[in-house]
Amino acid sequence: MKMFGKTTKLLVASALIAGLATAATAAQKVYKWKLATTWGPTLHPFIDAPTKMAEMVEKMSDGRLQIRIDASNKHKSAFGILDMVKGGQYEMGHSASYYWKGKDINLLPFTTMPFGMTAPEQYAWFYYGGGMELMQKAYAKHKVLSYPGGNTGNQMGGWFRKEINSLDDLKGLKMRIPGFAGEIMAKLGLTVTNIAPGELYTSLERGTIDALEWVGPGMDIKMGFHKIAPYYYTGWHEPATELQFLVNERAFKKLPKDLQEILVTAMKLSSYDMYIQNYDMSAKAWDSIAKEYPNIKIKTLPKEVMDAMKKANDELLVEMTKDQPLLKEVLDSQKAYQKKARAWTEMSDYLYLKDNL
Ligand code: CA
């Protein structure tokens with residue numbers, strides 16, 4: 001009896017030590033991940049969102065989760081991000097959901113929609129209006145998780161070689177314009193294409209395309225588009241472009257709970273940081289346009305064109321959602337939220353700005 005008691009105590013003690021050792025090993029285990037981006041290594045501020053996220057994660061986890069960022073010049077597959085994260089070659093990606101519309105139409109609306117929500121409205125929809133749940137629902141079959149990855153705010157409508165005075169001026173133009181806006185332009189008679197960021201200038205210079213949209217003054221002017229296509233149009237098509245972080249679901253589940261929380265928090269914070277960084281870049285660039293780039297002509301598309309775009313937008317939405325229940329669910333949710341939030345935006349920001357410009 002006495003012997004038995006001693007053995008039991010010993011067993012309990014060794015089990016305790018083993019347990020502590022396991023916990024210590026788990027706490028010290030270093031996870032080394034890789035993240036692939038659609039962007040080149042100097043494409044600020046897009047590349048900064050994943051870079052800052054990885055720096056925060058490493059510091060907050062005391063080095064237990066390390067994420068290497070591979071820009072597009074490394075993996076050479078700017079539009080292969082979803083596939084690479086899905087396949088597990090990369091645990092994470094940083095890109096934009098509307099680039100995957102050809103693979104899965106349900107992924108289209110999670111970036112921005114023409115005539116859709118502004119950035120604050122859309123962030124409210126994502127985090128408090130059911131948007132995140134719908135995004136995870138749409139990505140579930142790909143076994144990846146998607147999170148907001150930084151917002152550009154309202155984008156400029158793009159660069160054209162000639163002034164657009166009528167619908168006829170648009171017909172036959174070859175334009176780089178992604179997402180649902182591309183579908184609208186195609187319906188108006190343009191030839192629409194998507195081109196990787198690193199090849200935009202050359203494509204315009206060589207005449208592969210006649211016009212393009214990219215982001216806003218903060219990012220566009222550095223690209224030099226104005227040297228070839230000086231007509232710079234105000235936006236209609238991307239009022240709140242949200243980039244995305246993609247995470248391989250299996251890899252995420254293997255992380256201890258504290259590292260999961262650190263990762264999610266760092267993604268959210270770096271996204272917000274990119275939004276304000278881009279706002280700052282655009283504000284400064286806009287301020288310099290009149291002085292430093294007098295050849296740039298700022299224009300707004302004529303009413304005839306805007307009306308035709310809105311009509312095409314409404315018709316295409318009906319066509320596209322016909323046999324797509326999930327796409328319809330997402331778009332209906334966005335539309336309902338926009339209606340509600342816009343009334344407040346009008347009451348607060350719009351009326352304030354109207355009287356204070
Ligand atoms: Ca764009």
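**Charges over rings**

I looked first at K297 and found its charged end over the ring of Y231, 5.5 Å from the ring centre. I also recorded K34, whose charged end sits over the ring of Y90 at 5.7 Å from the centre. I count a charge as sitting over a ring if NZ of Lys or CZ of Arg is within 6 Å of the ring centre and within 35 degrees of the ring normal.

**Basis of the entries**

I am working from a predicted model, in which local features need pLDDT of at least 70 and side-chain atom pairs count only at pLDDT 80 or more, while totals for chains, interfaces and linings use all residues. Residues are numbered from 1 along each chain as its sequence is written, and side-chain values use heavy atoms, with hydrogens and water left out.

**The chain as a whole**

I noted 14 helices and 11 strands in the chain; helices (H or I, at least four residues) and strands (E, at least two) are DSSP runs, numbered from the N terminus. Along the principal axes, the C-alpha atoms fill a box of roughly 100 × 40 × 40 Å. Of the 357 residues, 51% count as buried. Buried means under 20% relative accessible area, exposed over 50%, and partly exposed in between (1.4 Å probe, protein chains only). The chain exposes about 17800 Å², of which carbon and sulfur atoms supply 58%; accessible areas come from the Shrake-Rupley method with a 1.4 Å probe, and for residues only the protein chains shown count as cover.

**Sheet and strand pairing**

I traced an open sheet of six strands in the order 7-6-8-5-9-11, with mixed pairing. Its edge strands, each pairing on one side only, are strand 7 (191-193) and strand 11 (297-299). Two strands pair if DSSP finds at least two bridges between them. Strand 9 and strand 11 run parallel and are joined by three bridges; Y232 has I298 in strand 11 as its bridge partner.

I then examined strand 4, which runs antiparallel to strand 10 and is joined to it by six bridges. V144 has N248 in strand 10 as its bridge partner. Eight of the eight residues of strand 4 are buried, so this strand is largely enclosed by the rest of the structure.

**Calcium site**

Which protein atoms are donors of the calcium ion? I listed Q155 (OE1), E213 (OE), E213 (OE), W214 (O) and E238 (OE), lying 2.2 to 2.8 Å from the ion. Donors are N, O and S atoms within 2.8 Å of the metal (3.2 Å for Na, K and Ca); water is not among the atoms, so sites may look incomplete. In sequence, the donor residues are spaced Q-x57-E-W-x23-E. Q155 and E213 link distant parts of the chain, 58 residues apart: Q155 is in the loop between strand 4 (144-151) and strand 5 (158-160), and E213 is in the loop between strand 8 (211-212) and helix 10 (217-223). I found both Q155 and E213 buried.

**Aromatic pairs**

My search of the whole structure gave 15 aromatic pairs. Rings of Phe, Tyr and Trp (its six-membered ring) pair if their centres lie within 6.5 Å; planes under 30 degrees apart count as stacked, over 60 as edge-to-face and the rest as tilted. F115 and W236 have ring centres 5.7 Å apart and planes at 40 degrees, so I entered the pair as tilted. This pair links distant parts of the chain, 121 residues apart, with F115 in the loop between strand 3 (92-95) and helix 5 (119-128) and W236 in the loop between strand 9 (231-233) and strand 10 (242-248). F115 is partly exposed at a relative accessible area of 23%, whereas W236 is buried at 6%.

W125 and F126 also form a tilted pair, 5.1 Å centre to centre with 50 degrees between the planes; both residues are buried. I further recorded a cluster linked by ring pairs, made of W39, F46, F79, Y98, Y99, W100 and W214. W214 also appears among the calcium donors, through O.

**Helix 8 and L331**

In helix 8 (residues 179-187), I listed G179, F180, A181, G182, I184 and M185 as buried. These buried residues pack against helix 7 (167-170), strand 6 (174-176), strand 7 and helix 13 (303-321); contact means heavy atoms within 4.5 Å. Just after helix 8, G189 takes a positive phi of about 100 degrees.

Lastly, I looked up L331, which lies in helix 14 (residues 325-354) and is buried, with a relative accessible area of 12%. Not counting residues up to four places away in sequence, L331 touches P109, M113, L317 and T321.
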